[in-house]
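Hi everyone, thanks for making time this morning. I'd like to walk you through a model, starting with the whole and then stopping at a few places in the chain.

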Amino acid sequence: MAKPRQLSWKPRLPANRGPMYLAIADAIGEDIEAGTLAPGDRLPPMRALAEWLGIDFTTVTRAYAEAARRELVDAEVGRGTFVRKRPLPPPRTVTVGAVEMSMNHPPEFNDPALLACMWRGLRSVEERGQDLLMRYQPPGGTSIDREMGARWLSSRMANVTADRVLVCAGLQGGLHSVLSMLLSPGDTLAVEALTYPGVRALAALLRIRLVPVPMDEHGVDPDALDAVCQSEGPKAFYCMPTLHNPTTTTMPLARREAVVAVMQRHNLPIIEDDDYGSLPTLVPTPLAALAPNLTYHIAGLSKCLSPSLVVAYVLAPDAWSAARLTSVMRATSGTVSSLSAAVTSRWIEDGTAERVVQAIRAEAKERLAIAARMLPSSQLVMPTEGFHVWLRLPEPWTSGEFVGGLRHAGMGIVGREAFSVGSSPEAVRIALGASATRDQLRNGLGMAADLLTQLPMMSSTVV
């Protein structure tokens, strides 16, 4: 009998693959499919792989267990873990036609007249002439586009002037530039304990240390923020006060004032992520209005207008800070698409943008009502406006098991691990706008509600 090959297999783990144990299980499946791992091959001992990756032994244990659940490997007591000697099961990733509720983009609305108006806005920008097509957009945007950005922000803040507004390549581009300007490698950034995954990715890229600040039902805890500022020496604080991703929390005004007071006391910059800030009909005063001298306010348009534009506005504390940030943009995120910026300006100028926001609000309201009917209220955290919900999981579920169980059934959602900087309760985010139709949404929410009634072992494949 031939001995199995003993491999020094090492998984390739690209950045931003989510929970480490799932990333390792994914790598096993990918290498089997590629032929790097053959049926009967023995995987490295769990402890050896944990030491090589510099991770906890239990993470590798969970990874091998997840690979076994997917029927990729068999574990034999006293011998090791082996690649299965039978055809591969279907890939773990969600297939075409499956229910995808992981990407948090606005829902499609049913308004042909408004859609036609949006298309007319695209065609109308040709009046800007050939320069729009044959010239680079200046870093920070043209004067016209910066003025339209100031008009957009002025609906929620006073004293917004174009010399403080920069047009950037989406929220992520704005964050990249602001973080690059305010922090250096090795510096510390204070963030909410559950934070936007894009900030985690940028922190890894820029070699910035993240320190979590505890949260409660009203958002970040001001006393905990004060303690972190004293003990950890952060150079700035990043937060999402409105429709927080993933918890859906909107900080009340009193909490915003308390947070601002802490940052003023320590004289530290605030990076206010306002990607969802235009969605609510009524929203408390932005941090940038409460502390304009400290706050870099980044208002993305992907959630409230159109993800395809990839446009955001950065409101800097003053014209000097905006000029300095313009130089950073030139070196980092570059310039926004001239066409995207021009279309956005046209939609703002002719009122199309506000009509789109209203249409998204209306559709989101219907989808929130569906979620409220189909998911257990005792586990559900949801906003009055917006299009994602935060589902707290009952014991003994973990978010990884729940996400895996739904993905096995053909539905994609995101677990708490994608957002956690520190420890956090077991929960998942469900994006209500990702489903193309309300029927698809009901199908997906029904799958989630059904899985909640089971125990984790009941949803797993017996191997």
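What radius of gyration would a compact globule with 463 residues have, and what does the protein have? The rule puts such a globule near 23 Å, and the protein comes out at 24 Å, which agrees. Please keep in mind that this is a predicted model.

Let's stay with the whole for a moment. The C-alpha trace spans about 80 × 55 × 50 Å along its principal axes. The protein holds 16 helices and 17 strands. Of its 463 residues, 53% are buried. If you take contacts between residues at least 6 apart in sequence, 72% of them join residues at least 24 apart.

Now the surface and the charges. About 20600 Å² is exposed, and carbon and sulfur atoms supply 55% of that. On the charge side, there are 45 positive and 46 negative side chains, and the centres of these two sets lie 5 Å apart.

Next, let's zoom in on a strand. How many of the five residues of β5, residues 188–192, are buried? Five of the five are, so this strand is largely enclosed by the rest of the structure. Its partner is strand β6, residues 209–213; the two run parallel and are joined by five bridges. In that pairing, glutamate 192 stands opposite valine 213 of β6.

Helix α8 covers residues 197–206, and alanine 204 sits in it. Is alanine 204 buried or exposed? With a relative accessible area of 61%, alanine 204 is exposed, because the cut-off for exposed is over 50%. Between alanine 204 and proline 185 there are 9.7 Å from C-alpha to C-alpha, and the two are 19 residues apart in sequence.

Following on, arginine 207 lies in the loop between α8 and β6. Its phi is near 60°, a positive value in a residue other than glycine. Arginine 207 is exposed, also with a relative accessible area of 61%.

One more loop, the one between β9 (236–239) and α10 (253–266), where proline 246 is placed. The peptide bond leading from asparagine 245 to proline 246 is cis, with omega near 25°. Threonine 248 is in the loop between β9 and α10 too, and its phi is positive, near 75°. This threonine 248 counts as buried, at 5% relative accessibility.

Finally, proline 396 is in the loop between β14 (388–392) and α15 (399–408). The bond from glutamate 395 to proline 396 is cis, with omega near 5°. Thanks for listening!

Key:
Residues are numbered from 1 along each chain as its sequence is written. This is a predicted model: local features need pLDDT of at least 70, side-chain atom pairs count only at pLDDT 80 or more; totals for chains, interfaces and linings use all residues. Side-chain values use heavy atoms; hydrogens and water are left out. Helices (H or I, at least four residues) and strands (E, at least two) are DSSP runs, numbered from the N terminus. The radius of gyration is taken over C-alpha atoms; the globule rule is 2.2 Å times the number of residues to the power 0.38. Buried means under 20% relative accessible area, exposed over 50%, partly exposed in between (1.4 Å probe, protein chains only). Contact means heavy atoms within 4.5 Å. Accessible areas come from the Shrake-Rupley method with a 1.4 Å probe; for residues, only the protein chains shown count as cover. Lys and Arg count as positive and Asp and Glu as negative; His and the chain ends are not counted. The place of a charge is taken as NZ of Lys, CZ of Arg, CG of Asp or CD of Glu. Two strands pair if DSSP finds at least two bridges between them.
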